[in-house]
Every structure is written in structure tokens, then in C-alpha cells.
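Subject: The structure for you to look at

Hi,

Here is the structure I promised to pass on. Please open it next to this message, and I will go through what turned up.

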Amino acid sequence: MYSHPKLTELEIERILRPSWQIAGHVSQIPASGDYLTFELGSDSVIVLRDAAGGIRAFRNVCRHRGTRLLEGTGRCSGRITCPYHGWTYRYDGSLVATPAKDSFPELNLQQHGLEPVRVEVTLGFVWVCLAGDPDPPSRLWAPIQEELTPYRLEELVPTQPLYLEVWNVNWKIAMDNYLESYHVPIGHPGLNRLFTPDYEDQRGVPGIARGFSWMREPASSRWSERIYQKHVGAVTAPYLPEPNRRSWRFYSFLPNIGIDVLPEQVNFFQILPLGHDRTVIRGAAFGVRDDSREMRLVRWLGNRINMQVNKEDKFLCERLQRGIADSGYRPGPLSSIESWMLEFHDLLRARIPETRLPVPPVLFSPVDPTNR
């Protein structure tokens with residue numbers, strides 16, 4: 001399940017495309033014509049602020065011969081124009097002009113607008129869905145939305161640019177890692193110095209696992225952690241309740257999204273397969289607008305701590321990828337602290353019944369030209 005290229009193709013088709021993905025935050029496209037793009041496998045989506053201020057999403061594909069229209073983030077000056085042949089679209093996706101129009105005598109512009117993609121804004125994030133009809137994010141997050149209200153997620157602005165980081169692992173290994181805190185005391189010594197393990201506080205709702213860690217009282221032996229402990233509670237006043245100022249909160253949204261809610265900012269990341277043994281981690285950080293020196297310091301320290309945790313996770317996941325490739329490896333038991341992995345694995349088994357087999361089915365295997 002963690003090494004077969006064909007299985008990764010099925011996971012994109014049956015699990016990731018029919019799921020809600022974060023394209024970005026509303027603050028990243030504040031004005032009409034602002035856009036960002038999101039890529040999943042071979043698919044690409046444009047998320048655009050239209051002339052009326054609404055948010056739309058389209059397949060990032062020209063309706064002429066399929067050219068990719070936009071890259072990254074930016075601003076369209078009035079229109080979306082294909083860089084290949086100049087087909088031009090309005091912000092609402094409708095085709096408005098084609099060069100050499102007379103060479104298309106039967107072309108109906110109304111039939112060749114950009115293909116829309118399902119889009120919804122929830123918790124301040126812009127979510128898109130490429131296939132299927134899953135429940136909307138607003139319904140999925142509703143049972144725990146109230147506890148997120150103090151963080152004013154709709155008001156956030158970027159505090160760090162979007163980043164892309166490639167790990168040499170199967171994407172499911174990275175998601176398994178985020179779904180369990182059993183590894184924290186050994187794998188993340190800095191995080192363990194700062195916070196209690198969240199074994200007791202884990203709780204969740206269908207499709208969303210969550211865990212709360214509480215800041216320890218003794219000062220850390222490391223200067224960056226110690227200064228963070230000292231200042232974070234005071235800097236985040238007054239909009240957070242007192243307990244929240246000493247807590248890091250982790251939300252895992254199946255199948256591949258993490259949202260880390262810290263006192264000073266909110267981080268999101270996605271785990272996206274580049275192949276069966278390579279994964280891109282896509283993420284960004286946001287915070288309530290605050291340019292004070294104290295807040296800048298706390299966010300810098302929080303990012304420093306978080307990036308060290310990320311570095312450790314990459315190291316651990318890549319070691320695991322190499323280990324499970326050993327021909328003698330057989331899966332061992334899961335701890336009760338790893339229980340959220342079970343929901344993820346049940347999702348995999350439900351959508352891809354082939355994963356229940358002890359060996360890959362014949363259709364997964366390379367064709368032997370000598371065996372006819």
C-alpha cells in the first residue's frame with residue numbers, strides 16, 4: 001500500500017479528487033482579479049475574486065487546446081487570457097474573445113467557458129473539490145466550529161509565504177505521522193519540552209481528528225523555547241481566552257490536510273502525492289493583523305519551533321519509507337494512541353477494496369510480454 005505506483009493513481013482518483021482541499025485563504029485574494037492556483041496530481045484549479053467580490057473556481061485549462069492558463073498567484077488585469085492562442089475569458093469564466101474568430105465559423109462562445117469547480121469558504125479558507133459530491137466543509141466542521149471562533153480565522157492575513165517542500169515518502173506515511181502523537185516524546189524533543197503529550201485530550205468528529213497540547217510550567221532549557229513560553233501568553237491577549245493562550249491545537253482533516261491552531265497564528269498544510277514515493281508538503285501561515293514588535297518576535301519563535309518539528313517529521317517519515325521497503329517487514333500492532341490512523345485506513349479500504357488483498361492484484365502488476 002505504500003510502494004505501488006498504480007495504487008497512488010487510484011488514491012488520487014478515488015480519495016483525493018473527491019475530497020475538499022484548501023486552495024488558500026480569502027486574504028490571499030483580497031481584490032477583484034486576484035487569483036491563486038492549486039494543483040493535485042495532473043489537475044490544476046484557479047481560484048479567483050470576481051468583479052462583484054465573490055470567489056469562483058475553475059479548471060486551469062483553456063477550452064481551446066488545453067493550455068495551462070495561470071501559474072502561482074497574482075492578478076489578472078480585467079481578463080484571463082491564454083498565453084498560447086489568446087482565447088480570453090471573463091472573471092465569471094465565460095469566453096469573451098478568440099483571435100481569428102472567422103476561422104471558427106460555427107463557434108458558440110457560450111459553450112466554451114471555463115469549467116467551474118465546486119468552491120466554498122469555511123473558516124476563512126477557500127476549499128475546492130474536483131470530483132464527486134462530498135458533504136461541504138461547512139457541514140463537516142460545524143460540530144467543532146464554535147471552539148475555533150476565538151481565533152478569528154476569517155480575519156487572518158498571511159504571516160509567511162506559501163511553501164512547497166518535497167519529502168521522499170509515500171503521502172500516506174506523512175498523513176499517518178500527523179494522525180498520531182505516540183512518536184512525539186521520542187521524535188520531537190523540543191515539542192515535548194514545551195508541551196504535554198496530547199494523549200488524554202484527543203477527541204474528534206467524523207473525518208476530523210484533533211488534539212490539544214498544553215504548555216508546561218517549567219521553563220525550557222533552550223533559549224528560543226524559553227522566550228516563547230515567557231511571551232506568548234501576554235502577546236496574544238485580549239482576543240483569546242486565557243487557556244487558549246497556553247495551548248497548541250492540531251486538527252487533521254481527512255484525507256490529507258492539517259490545521260495547526262497556535263495562540264499567535266494558524267498554519268495549514270496539505271500532503272499531496274507526486275508519485276508513489278515522493279510527496280509535496282504545501283502550506284502557509286496566517287495570523288490576526290498585528291505588526292507589533294512583540295508579536296513579530298513570538299511568531300518568529302513559533303515558526304522556528306515549528307520548522308524544527310517539520311524537519312524531524314521529514315527525517316522520521318523518510319526512515320520509515322526505507323524501512324517498510326525491507327522484504328522482511330510485516331506490519332506490527334497499533335497503539336491506542338494511534339487510533340486516528342484507523343479511521344484513515346478504513347477510508348482507504350472502503351474506497352479502494354484492492355488494499356485488503358495480501359498481494360497486488362494482477363491488474364496492478366507489470367505485464368509480462370512472455371506470458372500470453
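Let me begin with the pockets. The largest pocket holds about 1400 Å³ of space. It is lined by 38 residues, and M1, Y2, I324, Y329 and P331 are the ones closest to its centre. Three elements give two or more residues each to this lining: α4 (171–178), α8 (293–324) and α9 (339–351). Of these, α8 has the largest share, with five residues. Sorted by class, the lining of the largest pocket comes to 22 nonpolar, nine polar and seven charged residues. Please keep in mind that this is a predicted model, so everything here is computed from it.

The second largest pocket has a volume of about 710 Å³. Its lining counts 41 residues, with Y178, F250, D260, F269 and D313 closest to the centre. Several strands take part here: β11 (157–167), β13 (208–214), β14 (247–253), β16 (266–273) and β17 (279–287) each supply at least two residues, as do the helices α4 and α8. Once again α8 is worth a look, as it gives the most to the lining of the second largest pocket, with six residues. By class, that lining divides into 22 nonpolar, 14 polar and five charged residues.

Two of those strands are also partners. β13 and β14 pair in the antiparallel sense over seven bridges, and within this pairing G211 stands opposite F250 in β14. That is the F250 listed among the residues closest to the centre of the second largest pocket. How much of β13 is buried? Six of its seven residues are, so β13 is largely enclosed by the rest of the structure. Just after β14, you will find a cis peptide bond between L254 and P255, with omega about 10 degrees. P255 sits in the loop that runs from β14 to β15 (257–261).

Now to the hairpin of β3 and β4. β3 (residues 43–49) and β4 (residues 55–59) run antiparallel and are joined by five bridges; V47 stands opposite A57 in β4. Five residues lie between the strands of this hairpin, and G53 takes a positive phi near 95 degrees. β4 is mostly covered, with four of its five residues buried.

There is also an open sheet of three strands, in the order β6-β7-β8, with antiparallel pairing. β6 (80–81) and β8 (95–97) are at its edges and have a single partner strand each, so one side of each is left without a neighbour in the sheet. Two bridges hold the antiparallel pairing of β6 with β7 (residues 88–89), and T81 stands opposite T88 in β7.

Finally, here are two residues whose backbone you may like to check. A100 is not a glycine, yet its phi is positive, near 50 degrees. It lies in the loop between β8 and β9 (118–122). Is A100 buried or exposed? Its relative accessibility is 54%, and exposed means over 50%, so A100 counts as exposed. R152, also not a glycine, has a positive phi of about 50 degrees. R152 belongs to the loop between α3 (145–148) and β11, and with a relative accessible area of 29% it is partly exposed.

Happy browsing, and do write back with any questions.

Best wishes

Methods
Residues numbered from 1 in each chain as written. Predicted model: local features only at pLDDT ≥ 70, side-chain atom pairs only at ≥ 80, totals over all residues. Heavy atoms only, no water. Pairing = 2+ DSSP bridges. 1 Å grid on protein atoms, 1.4 Å probe; cavity = no way out; pocket = protein on both sides within 12 Å on 5 of 7 lines; lining within 4 Å. Points joined across faces, edges and corners; volume = space filled by probe spheres on them. Nonpolar A, V, L, I, M, F, W, Y, C, P; charged D, E, K, R; others polar. Buried < 20%, exposed > 50% of the residue type's maximum accessible area, 1.4 Å probe, protein only.
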